[in-house]
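Open your viewer and show side chains as sticks. We will go from stop to stop, selecting as we go.

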Amino acid sequence: MISTRVMKFEALMKLVDNGELEEAREVAQGDIIDESFYPVFEKLMSQPKLKEQFSGAYTTGEYLDDGELQYLKIEDYSGDLLFLTEFKDYKLHGIYGTGWNDTEAGKARYTELLQAFDEELGISDGVLEEAHMKLIQASFASNDNDHAAALTMVGEDFQNTFTDMMNDDAVKNQFIASTNFVFIDDSDYQYLKMTDNNDGEPLIAQFEDKNLVYMYGADWSEDDEDQARYEEILSDLDWEDSL
């Protein structure tokens, strides 16, 4: 799934951005970067300009799939294209763009891929929301008490409430276990219906600009307006899922 590639790639970007280079090296070698590309990646990360680009990159959710290889378009937060990433078997297999691969073959492939994006653009609804949610869940499922990277994917106004709720073991356990997602976009916000495998009450995660900004469901709020909104979103999600 494309969301798996996004999740792994964004995890690597967060480690590089936080300066956790040794952790990035261990994670990358084990699960994220193809063995054949890893020496090239290390050499690229030794260049300050490219390292800065990589750590400040934003996964747009725009992708191409040719059956064997998959490509993601990577931009900065201003919306300017930085580079294209190539994946094989869920692992980073190459990077194309100015400074990333300046061989004649690399330049030609970059131009070819940009043209393909223009002609056959694939945008996966909910892919970034799902990827961010999985990273947040993984962070709070771990024994690591530093959730700084995960909290960059939580809206600033919701961070304190969210971390307080994660101190409740029952709430946290349900949140972590709710890994079945259904996505809906109402243009103002995006939502994930989150369920576990035990027929528990669904949770609703609300996103804005790909960040988690609110949660609805058991124990998250007893406010009447929140409960009404929760039921409204569930109804919309069930209707979308029935189409």
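By how many residues, and by about how much of a helical turn, are Glu112 and Arg109 separated in helix 5? Select helix 5, residues 104–119: Glu112 and Arg109 are 3 residues apart there, about one helical turn. This is a predicted model. The two side chains meet in a salt bridge, 2.8 Å from N to O. Glu112 has 46% relative accessibility, so it counts as partly exposed.

Next, select Arg229 and Glu232. Both lie in helix 10, residues 224–242, and are 3 residues apart, about one turn of the helix. They form a salt bridge, with the closest N and O atoms 3.2 Å apart. Glu232 is partly exposed at 43% relative accessible area.

Now select Lys210 and Glu129. Their salt bridge has its closest N and O atoms 3.5 Å apart. The pair links distant parts of the chain: Lys210 is in the loop between strand 8 and strand 9, Glu129 is in helix 6 (residues 127–141), and 81 residues separate them. Lys210 is partly exposed at 25%, while Glu129 is buried at 2%. A search of the whole structure finds 3 salt bridges.

Stay at that loop and select strand 8, residues 203–208. Of its 6 residues, 5 are buried, so the strand is largely enclosed by the rest of the structure.

Add strand 7, residues 190–195. It pairs antiparallel with strand 8 over 5 bridges. Pick Met194; its bridge partner in strand 8 is Leu203.

Finally, add strand 9, residues 211–216. It runs antiparallel to strand 8, joined by 5 bridges. Ala205 stands opposite Met215 in strand 9. Strands 8 and 9 form a hairpin with 2 residues between them, and Asp209 in the turn has a positive phi of about 55°.

Technical notes. Residues are numbered from 1 along each chain as its sequence is written. This is a predicted model: local features need pLDDT of at least 70, side-chain atom pairs count only at pLDDT 80 or more; totals for chains, interfaces and linings use all residues. Side-chain values use heavy atoms; hydrogens and water are left out. Buried means under 20% relative accessible area, exposed over 50%, partly exposed in between (1.4 Å probe, protein chains only). Helices (H or I, at least four residues) and strands (E, at least two) are DSSP runs, numbered from the N terminus. Two strands pair if DSSP finds at least two bridges between them. A salt bridge is a side-chain nitrogen of Lys or Arg within 4 Å of a carboxyl oxygen of Asp or Glu.
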